[in-house]
Amino acid sequence: MTGLVLANVRIPGYAALYSVHISDGRVAGFGADAESPVAARVIDAGGRCLLPGLWDEHVHMTQWALHANRIDLSGAVNAQDAAAVVRSSMPGADPAVTAVGVGFRDALWPDTPSLALLDEATGSQPTALVSHDLHSVWLNTAAARRYAVQVDASGLLREDPAFALTRELGRLPDTVVDAWVAGAARAAAARGVVGVVDFEMTWNRDPWLRRIAGGFDALRVDAGVYPADLERAAAEGMRTGQEVDGGKGLLRVGPLKVLIDGALNTRTAYCVDPYPFGGHGLLTVEPEELLALLERARATGFLPAVHAIGDAANQVALDAFERAGIGGRIEHAQFVRREDLARFGSLGVLASVQPVHALDDRDAAETNWPGRTDRAFPLRSLLDAGASLLLGSDAPVAPLDPWAAMAAATARARDDGRGPWHPQEAITRGQALLASSRGRSQVRVGDPADLVLLDADPLAAPDAVFAAMPVAATLVAGRFTYDGGLA
């Protein structure tokens, strides 16, 4: 047998050492280390733990790459503070360039964004600030004029107008964006990630083909499609799960992404009960329109992935899946009625969840869903009711780091002095790993050699080590995409 041998590896939870034989990009066999055959290359793993490689099931890859190169507003405690951060980041106005900030969270600010406040801080410098959930953009007058959009005294765009402007803000030279994406992908590989589902709001196949042709090889990518492009994709013979010609085995067609409500931060998630300030949020796709989309997805071979955050939106989505007679995914499932939990499993609808959001949004949830947060981010309840979970980040809303997601899912707390939030909804580490590896509980013969080697046992490591898990190496199809010195 030729190829690659990983010698002296452990299975999490066990002490025995094995060798893993890799050939033609797949796991070809196992053996005791004394039985390892002569191979083209033998790597001594030194007793490290071997796991199936990890997936982030929900990212916006271009936005994540751009995020790292923009003004960070995640620490702003109010609108005045955010404006001050922007002002301090502008040593001199350049009207030819739009200043972009990211990550502000205004749901709990004691004051509110305003056009006048941002104008005072930025003057003639066109400025656009994108909220952490991507569902709103705060503009100054110069930016509103540059992009020909109308804003009221708040300076805010929400939902579809915000999405459209965010896409416009990302129109940079391909060489710049592709280099940033490649860097973000390498960083993800260093955290054990072998693949992502990319829901970038664009015709997403061609940018990935360009990147792969240019040498991108750090990750596998399932590239999502949006309703505006469904007929184009169908006409080109695309179907969810199909390997894309020219993608060198790394690129597949992803799900059909349909957004039917907003987000918690902007108080646009569609909810059964009214928000304390009034209103139920926004249902952005009517039930009959959603049903037609799901039926068209079924006819064209696309797996639907329906964005639903509020409990009313989740009910609408599940009703549509049931009527259409098709399974799929619900993205987020942040707030779910008790009577809807079991419907995920019975209808074959996967819950694609982002556990870090539970920690980021716990205060906003308590404020906006008072007395009902026992069913917010209900991970354990979904599993107990028969649902299957997929874990992701929704980067740039949360960092593209599966260990952060798994730590949030298993501990329901972070190191901020506060106890766990609804700890009854925590899941086990084994369940979190399963939900992060596409159901691969362990490495098996015949699997693609998409693997990660860890310096600690993820089933036994202390919480702090688990959350910042030291990754020794990552492989995609038996090829090292990250080598922390092992190879």
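Which element gives the largest share of the lining of the largest pocket? In this predicted model, that share comes from helix H15, which contributes five residues. The largest pocket holds about 560 Å³ of space, and its lining is made up of 30 residues, among which Val356, Leu359, Asp360, Ala404 and Arg414 lie nearest the centre. Besides helix H15 (402-411), the elements that give two or more residues to this lining are helix H1 (61-67), helix H12 (356-360) and helix H17 (463-467). Sorted by class, the lining of the largest pocket comprises 16 nonpolar, five polar and nine charged residues.

Enclosed space was examined as well, and a search of the whole structure finds seven cavities of 30 Å³ or more. The largest cavity encloses about 180 Å³, and of the 21 residues that line it, Asp133, His135, Ile309, His332 and Asp394 are the closest to its centre. The lining of the largest cavity consists of eight nonpolar, nine polar and four charged residues. The second largest cavity has about 80 Å³ of space and is lined by His60, Gln63, Leu134, Phe163, Thr166, Arg167, Glu200 and Met201. Helix H5 (residues 160-169) gives the most to the lining of this second largest cavity, namely three residues, while by class the lining divides into three nonpolar, three polar and two charged residues.

Aspartate 133, one of the residues closest to the centre of the largest cavity, is found in the loop that runs between strand E8 (127-131) and strand E9 (136-139). Although aspartate 133 is buried, it has no salt bridge, and arginine 105, the nearest side chain of opposite charge, is 7.5 Å away. The side chain of aspartate 133 does, however, make a polar contact of 2.7 Å with the side chain of serine 131, and it also reaches the backbone nitrogen of histidine 135 at 3.0 Å.

Elsewhere, charged side chains are paired, and the count for the structure comes to 35 salt bridges. In one of these, the side chains of aspartate 401 and arginine 191 meet at 3.2 Å, N to O. This pair links distant parts of the chain, 210 residues apart, with aspartate 401 in the loop between strand E17 (389-391) and helix H15, and arginine 191 in the loop between helix H6 (174-189) and strand E11 (193-198). Both aspartate 401 and arginine 191 are buried.

A further salt bridge joins arginine 220 and aspartate 450 at 2.7 Å, N to O. Arginine 220 lies in strand E12 (residues 220-225) and aspartate 450 in the loop between helix H16 and strand E18 (451-454), so the pair ties together parts that are 230 residues apart in sequence. Arginine 220 is buried, as is aspartate 450. In the salt bridge between arginine 205 and aspartate 206, the side chains meet at 2.9 Å, N to O; here arginine 205 is buried, with a relative accessible area of 17%, whereas aspartate 206 is partly exposed, with a relative accessible area of 30%. Salt bridges also link Glu57, Asp222, Arg252, Arg329, Glu331 and Arg438 in a network.

Finally, alanine 435 is found in helix H16 (residues 429-435). With a relative accessible area of 5%, alanine 435 counts as buried, because that value is under 20%. The C-alpha atoms of alanine 435 and tyrosine 270, which are 165 residues apart along the chain, are separated by 26 Å.

Definitions and conventions:
Residues are numbered from 1 along each chain as its sequence is written. This is a predicted model: local features need pLDDT of at least 70, side-chain atom pairs count only at pLDDT 80 or more; totals for chains, interfaces and linings use all residues. Side-chain values use heavy atoms; hydrogens and water are left out. On a 1 Å grid over the protein atoms alone, a cavity is a set of points where a 1.4 Å probe fits but cannot get out, and a pocket is an open set with protein on both sides within 12 Å along at least five of seven lines; lining residues have an atom within 4 Å of a point. Grid points are joined across faces, edges and corners, and a volume is the space filled by probe spheres set on the points. Helices (H or I, at least four residues) and strands (E, at least two) are DSSP runs, numbered from the N terminus. Ala, Val, Leu, Ile, Met, Phe, Trp, Tyr, Cys and Pro count as nonpolar, Asp, Glu, Lys and Arg as charged, and the others, Gly among them, as polar. Buried means under 20% relative accessible area, exposed over 50%, partly exposed in between (1.4 Å probe, protein chains only). Lys and Arg count as positive and Asp and Glu as negative; His and the chain ends are not counted. A salt bridge is a side-chain nitrogen of Lys or Arg within 4 Å of a carboxyl oxygen of Asp or Glu. A polar contact is a pair of N or O atoms within 3.5 Å; within protein, one must be able to donate a hydrogen and the other to accept it, and residues adjacent in sequence count only if both atoms are side-chain atoms.
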